[in-house]
Amino acid sequence: MAVPKKKVSKSRRNQRRAHDALGATQYEECSSCGELKQPHHVCPACGQYNGREVLESGTAA
Ligand SMILES: [Zn+2]
């Protein structure tokens, strides 16, 4: 079994994690309806992804 050679102190561990926080959610305009949506996500307004309808429109929240 692999065992760490040195115990990482709370300070070092926390310094490493100082860069791990999640940033603000990004949005872009949907290319088919213009609503704001998250990149690489199906548009919740029109149900389109990559120019193709993948959800029944109207039923998506
Ligand atoms: Zn859309």
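I would like to begin with a single residue, K37, which at a relative accessibility of 9% counts as buried, because the cut-off for that label is anything under 20% relative accessible area. Please keep in mind throughout that what we have on the screen is a predicted model, and that what I say about it is computed from that model.

Where does K37 sit along the chain? It is found in strand β2, which covers residues 36-37. If we leave aside the neighbours within four places in sequence, the residues in contact with K37 are Q26, Y27, E28, C30, C43 and P44, and I will come back to several of these names as we go.

The one I would take up now is E28, since the side chains of K37 and E28 meet in a salt bridge, with a nitrogen to oxygen distance of 3.3 Å. In general terms, side chains of opposite charge can pair when their charged atoms come close. How do the two partners compare in their exposure, buried or partly exposed? K37 is buried, with a relative accessible area of 9%, whereas E28 counts as partly exposed at 34% relative accessibility. And how many salt bridges does the count give? The count comes to one, and the pair that I can name for you is K37 with E28.

Let me stay with the charges for a moment, but for the chain as a whole. There are 10 positive and 6 negative side chains, and the centres of these two sets lie 32 Å apart.

Now to two other contacts of K37, namely C43 and P44. C43 is placed in the loop between β2 and β3, and at 0% relative accessibility it counts as buried. Apart from neighbours within four places in sequence, C43 is in contact with C30, C33, K37 and Q48, so that C30 appears in this list and also in the list for K37. The C-alpha atoms of C43 and E29, which are 14 residues apart along the chain, are separated by 9.3 Å.P44 also has its place in the loop between β2 and β3, but with a relative accessible area of 39% P44 is partly exposed. Between the C-alpha atoms of P44 and E56, twelve residues apart along the chain, the separation is 10 Å.

That loop holds one more residue I would like to point out, this time for its backbone. H40 lies in the loop between β2 and β3, the latter being residues 48-49, and the phi of H40 is near 65°, a positive value in a residue other than glycine. At 69% relative accessibility H40 counts as exposed. A second residue with a positive phi is N50, at about 60°, although N50 is not a glycine. N50 lies in the loop between β3 and β4, where β4 is residues 52-53, and with 74% relative accessibility N50 counts as exposed.

Let me turn to the part of the chain that comes before the helix. V8 lies in the segment before α1, which spans residues 10-17, and at 46% relative accessibility V8 counts as partly exposed. What does V8 touch, once its neighbours within four places in sequence are left aside? The contacts of V8 are with R13 and R16. The C-alpha atoms of V8 and A21, 13 residues apart along the chain, are separated by 20 Å.

With those residues in place, we can look at the whole chain. There is one helix, and there are four strands, and from the N terminus on the elements run α-β-β-β-β. Why would one call this chain more spread out than a compact globule? The radius of gyration is 21 Å, well over the 10 Å that the globule rule gives for 61 residues, and therefore the chain is more spread out than a compact globule. Taken along the principal axes, the C-alpha atoms fill a box of roughly 55 × 30 × 20 Å.

Two further values belong with that description. Of the 61 residues, 8% count as buried, and K37 and C43 carry that label. As for contacts between residues at least 6 apart in sequence, 0% of them join residues at least 24 apart. The accessible surface of the chain comes to about 5,800 Å², and 50% of this surface belongs to carbon and sulfur atoms.

To close where I began, K37 in strand β2 is a buried residue that meets E28 in a salt bridge and is in contact with C43 and P44, among others.

Technical notes
Residues numbered from 1 in each chain as written. Predicted model: local features only at pLDDT ≥ 70, side-chain atom pairs only at ≥ 80, totals over all residues. Heavy atoms only, no water. Helix = DSSP H or I, 4+ residues; strand = E, 2+ residues; numbered from the N terminus. Rg over C-alpha atoms; globule rule 2.2 N^0.38 Å. Buried < 20%, exposed > 50% of the residue type's maximum accessible area, 1.4 Å probe, protein only. Contact = heavy atoms within 4.5 Å. Areas by Shrake-Rupley, 256 points an atom, 1.4 Å probe, with all protein chains shown as cover. Lys, Arg positive; Asp, Glu negative; His and termini not counted. Charge placed at Lys NZ, Arg CZ, Asp CG, Glu CD. Salt bridge = Lys/Arg side-chain N within 4 Å of Asp/Glu carboxyl O.
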